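Let's take a walk through this one together. Have the sequence and the 3D view open side by side as you read.

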Amino acid sequence: MAQLPKGHPSYSVVHEFCQSDVLEHWKLCCDRGELLDGLKRHFRVWVPLVFGNSHDSAKEEHLAEKYLFRPMTEFMCGGNPEEVFSQLKNVDTPSQICGHVFKPGEPTYSCRDCANDPTCVFCIDCFQNSSHKQHRYRMNTSGGNGYCDCGDTEAWKVEPFCSLHSSSMEQNDQVNPVDLLPVDLANRASALFLASLQYAIDLLMWKQCVQLPGGLDPEETVPDIHHCMLFNDEVHSYDQVITTLQRAVDCSQREAIDYATIVDREGRSIVKSGTEQECEKAKEIIEGADFDIFDLILRNTSRHNSKPLKVLVMHNVVVAHQSFALKLIQWLQNIISKSDGLRRLFCLLSMNAPPKKDLCDAMEIDDVDAPASLMERVLLADTQLWKVVRVKIHQLLMAGALMDQECKKLFAGMFTKCYEQLMKEFCLDDHDHDVSVMSLSVQMFTVPSLARWLITEYNLLHVILQSFLTACKQKKDKDGRLCFDRNDRSPSFKRASYMLYDIKYALLARPVDPEDWSDALRTNFLNGVVSLLELLRVMQGMDGVTRQTGQHLEFEPEWEGAFNLQLKLEDTLVLFTRWCSMDKVVLIEAYKETLEALYHSYETSKKEKGKCEVAGHTTKSMKYDVSNQPISIHLPLTRFLAALHLHLEKFDLTFHSPELMTKKRLDPVDLLEPPLRAQVMIAQTQAGMWRRNGFALLNQIFFYHNVRCRGEMYDRDILMLQIVASLLNPNDFIVHLLNKFNLLHWAKPEYDIPGGQEDSVRQTVMLAEEFLNLLIILLEERYIPGVGSVTQQDVIKREIVHQLCIMPMAHSELAKGLPVDPNSETGMEDVVNEVAEFKKPSSTGKGKYDLKPEYYKMYCPYFYHYTKAEQSKSEEAQRKRKKQAGESQALPPPVPPPLTSQFAAIVNILHCDVMFHIFKMVLTRTAAQRSRSWSEAQFERILYIIGIALHEQKRAFKEGNTSYDFLTKAMKEDGLLSKLQCLVGNQNLNQDPSRDLLAWSLKQFAEVCTLKSEPVCLETLHSLASCTDQKTETERKRKAEMAAKRRARVMAQISKMQRNFIAENSELFDQTSTELKTVTSDMDLGVMVPPTFPVALGPHRSQANVTGPIQATCILCQEEQEISCSGKAMVLAAFVQRSTVLSQSRGKMLDKKDDYDPLFVPVDLFTGTHVSSCGHVMHHDCWQRYFDNVMNKERRRPLRFRQSFSYDIDKMEYLCPLCEGLSNTVIPIVPSLPSLYPAGNKKEVDLRFDDWLDGIEKTVQNSIKEAQDKESEDDFSLFQPCPISTITRMMAESVAKNFQLLWEYVYDDASGHFSEGMREMLKKFARDVYAFGLSVEPDDESPRVSILAWSTCAFTIQSVEQNLRGEGKSLFGSIPTRQADLIGSLVRFAAVCSQVMNPDMVKQNCVRLLSALIPCDSEKVNKGSPCLLDLDMFHFLTIVTMTLPSLYVDQQHCIVNTLPTGDLNNQHAMQLVVTAHIVQILLTFAWDTEESMDVESDSEGEALLKIYLQLQKTAGLTPEKVPSPYQLLQYVRSAVMPFLRCAAILYFHITGVSPPDELHDHFCTKEYEVLCRYLSLPVNMSELFESVGDITTALIKSWCSSKSLRDRLSANSEKIVRYPIVKNDLVPLPVDYSELINKVSTFTCPKSKDSDDSRAPTMCLVCGQMLCSQSYCCQKDLEGSSVGAATEHAYFCGAGTGVFLRVRDCQILLLAGKTKGCFLAPPYLDNYGETDQGLRRGNPLHLCEERYSHLKKLWFTHAIPETIAHNLEFNSSFTTIEWQNL
Ligand SMILES: [Zn+2]
Ligand SMILES: [Zn+2]
Ligand SMILES: [Zn+2]
Ligand SMILES: [Zn+2]
Ligand SMILES: [Zn+2]
Ligand SMILES: [Zn+2]
Ligand SMILES: [Zn+2]
């Protein structure tokens, strides 16, 4: 192998390609058995040509097919491949197994009723066609390695087939599909498979960079092209790689990101191509990068790696061959999928044929270690390959060996054989598990028959566990115990724990039939048990702790490692026990092995015993002081024994059975020791004795009891104590307990004599309570099959009952509190409906389970799975419940289920001497005048135990069991009973519950006595009756007391409710004191009904409702202030944002912000400026001080400590001081307009519309001057409004006089109208609206400032109107006060803002605006102004209304009041605009309803039809079909309606004329007529066109015939907006969430060329576009910084604001600007009314329309920025997310 020659710039030789020659040559080679050589000869020429010329991928693919793959396929087929393949397909037995290989993110479905384990899944197609759709199923997304199990009879308990893969076909296992292949084809295929696989593996594993394996060196010299290849590792971060690359290969950030993305996805990427020297240089730089510095920069201290990135400089030809080899793997996968025969052939060959000798030599592999087959070699090479190669090979394995049942078995055997080696390499590797070949284990080990076969034949359990034990070696301490070190960060042990999943998989399906057990299986299973015991032994006693006295622990000891291991082993332990429980031989052997293992683990510890004595009873007990010797709560060996012990009875075995005898076994007392120590330690912790041991201990105890761990920890310890209790003498047992609890002195009567240390007494009292607690648990907890006579269902029921006794719970809440089995099932659904009722409060809220009343009697206050907090919470809830029902507050023990015979002896504790001694002692102390060691808790527990004893006594009587005799003993002279009786009415018992419990106990005694009708008993009965009588007396008194108390409580509750209501609605209550008082009364039309129909416009307009001066209270200084122009200005907190919500052209951008002319707002409303407000009022100076303060405070804070992300001070954002609503400016509050001009000054003017129009036309025409810009030589028009005198001079005298009068009323002498503060605020708001609305720098001089002020008013009204319309609400009836306040303020602001602007500018704007409707001679003007069809008429109306009064303002009369008043002038302007709007409507009339409803002829409709035809004709249109008059009329009315509604809102706020009542009515049918009358428009719109005068008619005609309009209507012009404008909405979502998951599983990253999956597919809910979010690949540059796809999309789609659905995480993403965002729960709910953010539970989800509507409203009302600010304020985790990267 020579060094590849260098120097030539390109491939010089042109090769001839003749396929038939090639095939001929291969055939010869093949016959000689040398096909590989033949192939190589071909490859060495063509591979560099195809893959070494950096073609684009399409061309490369084409060439590869032509020169490489096609010849190979044809060679194999020996004819036309398509024909051959289809023939082969015909002989295949149709596959029963779906086998669909999942892409990452694809939805998977598992049936919770029928799947053998949760790894069995369906693909969506199979699931939809299966009966499991109706079962309880779980939905998930695939991680991308696995396939559909449909058709696998071992995966499903029932119905393994969907209707697509039905089992009707008789599967013939006997036929080997290879036999069905034609012989010559089989021969050629064998040779080709072997040769190509050899070649591919060889190349992919090739380690040399500039040399090729023999036979592949190019014939001629090749150019010096080298590549710098960067490899992936999981150590370096994205940012590190990107920064390094930018420096090393001199590329842009974008390119660096692309490289990094490829490296991450594929495992390697070429980052530079060039000469060898150039590449070497780049390599040096990359390798030399110092990452510690990056770590410092990135503050990423967790990564202490100075390991360099892996880079190789590779020759072009080597890379070319490797690229081809990778494609070859894919080609093979494709070929073997063509036929069962080919697949089987390929699998057998690759698993049987050894790799060629020379290859082994080349690889420098020793003969001894040489892998047995090609496949084995592939397996073992896994960790040496880069990512994409691994993935392709795994796919080949899945499509090959795993798809064929025969081969799967062979493969699994081979896999198991290599397991230890593979695992060792996996642990040292740094790639994720899912790109490791180890991830295939689940596909084999979960198949029950295969797993059993592997255990039998390959000793699978032993292999896995021994591999794991090997990995454990590095973690052992000097005593041979596992010991984890927090500082050891090597990930290899963590990776080793994947083996624990494997062992679980292998055990999931236990043998059910006795026939399933063979001797070999038994032997090998027991081998597994022995290995398990070996593991448990190194865990026994882990992390022992010693009580810390004196000072606190300096370092928190490590505890997590042990618990992680325990957690991962949990299922395995359960499964091992289950297997053992199935077979007597196995159980016996396993039990004996465990006993022995325990014995050996004990040998090391000393056994010293001492004498203990209680109440004359003596026993020898182990000396071990828990409070100063090491204690561990890791006792897996003991617990495993306990678990096995449960199953002895089933096979008639006991602890003492001869079968279980071994020499090396421990006594029950020794077995008791470890779990008892753990209990005592926990009791001591409760008593505060371990306080100095820190949080590590508390955490251990927490997890020990936690639902995730307790099954194999706490529960087993209790079980072991019960086992020992059933084996020992009960007196001995209690003495052992007392001894360990250190309570022997407490149990002596003399202990109660005063003296001694008080502190230790308190400790002892608490320990005594814990001791009694433990006794209760041992006696009462029998809900384990094997301990009590209960079923698994009883167990779950009891858990549920106790959960629900705390409080009613939602489904997921309840499920979280229940233990799960190895299949992650709680079993809750089977029983929950029996014990609880599911109550669904509302369609959007979560439903809750309520316990059925009859199950309350199952409640045990000492339930062992309660935490202390849950215990007291449940007790409180139960007492409260009973109290409210007027019942006794005693919480007595429920009747426990009977014990199994194995455990029956436990009850003897209840009547043994030592127990009675304790009973009497505590009762004596209760009765004592003064006792230092008594506590009510002890007394209650004693009563509780007596209660259990009485229950047992009843049972004994019923069963005729005389050996249990609690009663006789209790009734002895001076016995228990008399002691109890004496306590009735005792002063020490001042709590109702304990008194009630005492009464209950006595009643129980009475009941038990009646069962045993002895004279003594009857006597007692009598005395008991008197006792309880006395009791009833006190009861009555108590009830009276209670009634009084209840009354008092009800009163208290009422006043509390009132307080709460005020607190909850504080905003409301605040508002009432701060909002503009008279505005509310203004709206309250019930009080002031105008006598006549209200009209807002024209000479006949109604009187405005002007009330006295309005008062408002400043929320900051609380002072009242009158709203006026001249006084102190008041402002409303407000938020201005640019909006695309109303856009009819989604995606259209405000491109040239600095040149955009906002005067002519296009009808598609693609951009607008929206204002919102929380409605809170402040003095302008109070606000200014507050705002300055906020800014200064934030600015002083260093950038990285800036906590508050909820508002961005760089954007002037602040939070409203009262409600914390997001704001960025303030609106000045202007008093109502009519109050600003003198009321009596109204002169009646009479001027026809036509004459008015004439004057306006003349004005416009005379105001436009053509001019030429001298610098640019561009023609432009100058709008220089001419004085009114010029116009009137051209008019008839009478007309002129009236025309002039229209503008005359306005003279006003009130000089200095607006106070300085007011002017300042008016200017400020105008400036802010301009800057935020156009996203430009503020500029007070720009003529656009005032235009924005007017148009934001119009836009906000339109948005409010559309929202009301969308919700079907009336215009004035349901508008919230704060919104009405806002709109009023906006309108008044827009009306007066001309007062603070340059009057010339206002005039110019007016003329320019009018010029869009008035034809004039100047071509330039017509060219500049937009087409009539593109104008938004409501914007037009608003601006013309606001500017018209200023049209003739004279510079000399600057005091002129130019407010719109709703006079004739406004009325005519309105008519002009409506006429234009009707023309728009008629010209764009689109005909979509086919059915023509022929209603009786309609004169109004007829007239409109005539006008319609006329207009169409003038515009040069010929309508295809003519609508009926009625249709046209309906259409016109509905089309003009939005405009009329907006106009009504506008004019209401201008004139103050209250709208007619009908507009408050949601179901007003006459809305159209009412609106027309209010706006003084003709109800019959045709009147606007008929006999209106020549000038008007001419104007209409000129509109229709204008060139711009005709161009616009021509067919190929842009989309025309039609009426009525449809309200925008978020995109519709499917009802079933899995449809969405399925949809995104086909979505690929738009940036990647190989169409890779996208990791966080995110859907824009505004436009429906799918995005590849939160990924470097799709980051874009936006305004100079890199942002994620969602942020970028929001910028274009929503002017920076966005609503997205992150499909895989199932959550809503809101974004605003680049830095802010939040997550919300999705609008999808499961059947229990709960959301599933992150798809953690996997319950089927369905769309909740109400929730989605809420989200839609959020968007439509522009409330997203506000919502985000609010969420950021309250959820601190959101502030750490870098939203711009999403
Ligand atoms: Zn399927
Ligand atoms: Zn199927
Ligand atoms: Zn099912
Ligand atoms: Zn104030
Ligand atoms: Zn507020
Ligand atoms: Zn992408
Ligand atoms: Zn969008």
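What follows starts at a metal site, moves on to the cysteines, and ends at the surface. Keep in mind throughout that this is a predicted model.

Start with the zinc ion (ligand 7). Which residues hold on to it as protein donors? They're Cys 1660, Cys 1663 and Cys 1693, each through SG, plus His 1689 through NE2. These donors lie 2.0 to 2.3 Å from the zinc ion. Look at the geometry next: the four donor atoms subtend angles of 102 to 119°, so the arrangement is tetrahedral. For reference, the ideal angle for four tetrahedral donors is 109.5 degrees.

Now trace those donors along the chain. Their spacing reads C-x2-C-x25-H-x3-C. The last part of that pattern falls in helix α60, residues 1685-1693, where His 1689 and Cys 1693 sit four residues apart and so are separated by about one helical turn. Both His 1689 and Cys 1693 are buried.

With cysteines on our mind, how many disulfides does the whole structure have? A search turns up zero. A disulfide would be a covalent bond between the sulfur atoms of two cysteines. A couple of other cysteines are worth a glance for their surroundings: Cys 251 has 13% relative accessibility, so it counts as buried, and Cys 1406, at 0%, counts as buried as well.

Finally, head out to the surface. Val 91, Val 175 and Leu 180 make a nonpolar patch of about 220 Å² there. Val 91 belongs to helix α4, residues 81-91. Its relative accessible area is 42%, so Val 91 is partly exposed, given that the partly exposed class runs between the 20% and 50% cut-offs.

Technical notes:
Residues numbered from 1 in each chain as written. Chains lettered and ligands numbered in written order. Predicted model: local features only at pLDDT ≥ 70, side-chain atom pairs only at ≥ 80, totals over all residues. Heavy atoms only, no water. Donors = N, O, S within 2.8 Å, 3.2 Å for Na, K, Ca; no water. Tetrahedral: all angles 85-135°; square planar, octahedral: opposite > 155°, others 65-115°. Helix = DSSP H or I, 4+ residues; strand = E, 2+ residues; numbered from the N terminus. Buried < 20%, exposed > 50% of the residue type's maximum accessible area, 1.4 Å probe, protein only. Patch = residues over 30% accessible without salt bridge, like charges linked within 9 Å, V, L, I, M, F, W, Y side chains within 5 Å. Areas by Shrake-Rupley, 256 points an atom, 1.4 Å probe, with all protein chains shown as cover. Salt bridge = Lys/Arg side-chain N within 4 Å of Asp/Glu carboxyl O. Disulfide = S-S within 2.5 Å.
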